[in-house]
Structures are given as structure tokens and as C-alpha cells.
Amino acid sequence: AGRVRQFAANHFNRIAAALRDGPGTYREIADRSGLERHAVARRLNEMSSLGVTKTADRRDGMTVWRIE
């Protein structure tokens, strides 16, 4: 269980760092963070308690995310 939490925490940190460069879609965040797209898509909803939120904007039909 400890390794899973550590793995998730690494994803959270990389996604948060990517969002500090500006809002983005899950694809843009994946490109900035070096994570696979499916991993980013899975984690974004889990990160709401860390200040990651959906914006009203959409790009190429995808939700744009930001960090507060």
C-alpha cells in the first residue's frame, strides 16, 4: 500500500508542477509532465482537494484544468 501511495504522490506532484506552468487539457498536462495520458486523466479528478479544478474553457472538445 505504501508503494501505491508513493506512486500516486509522484503523479500528483508532476501534474501539479505542469499546471503551475498554466492551465491545460489532460493531453497538454501529460506532455508537460512526461506522464502517460491515461494516468493524467485518471488522477485529475482525484486532485480536487489539492486545488486542481476544471475551468469553463474547452480546447479541442476537452476540459481545461487549472491549479489554484
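1. Asp60 is exposed, with a relative accessible area of 77%; exposed denotes over 50% relative accessible area, buried under 20%, and partly exposed the range in between (1.4 Å probe, protein chains only). Asp60 lies in the loop between strand S1 (52–59) and strand S2 (62–67). Its phi is positive, about 50°, although Asp60 is not a glycine. Most residues other than glycine have a negative phi.

2. The model is predicted: local features need pLDDT of at least 70, side-chain atom pairs count only at pLDDT 80 or more, and totals for chains, interfaces and linings use all residues. Residues are numbered from 1 along each chain as its sequence is written, and side-chain values use heavy atoms, with hydrogens and water left out.

3. The mean pLDDT (the predictor's confidence in each residue, from 0 to 100) of the chain is 92, and 96% of the residues score at least 70. Among the elements (DSSP runs numbered from the N terminus: helices, H or I, of at least four residues; strands, E, of at least two), helix H1 (residues 2–20) has the lowest mean, 85, and helix H2 (residues 26–33) the highest, 98.

4. The largest nonpolar core (buried Ala, Val, Leu, Ile, Met, Phe, Trp, Tyr and Cys residues joined through side-chain atoms within 4.5 Å) has 13 residues, and Ile15, Ile29, Val40 and Leu44 have the most contacts inside it. H1, H2 and helix H3 (37–44) each give two or more residues to this core. H1 supplies the largest share, 5 residues.

5. In H3, the buried residues are Ala39, Val40, Arg43 and Leu44. Seen down the axis of H3, the buried residues fall within an arc of 125° (taken from the directions from the helix axis to the C-beta atoms), so they line one face of the helix.
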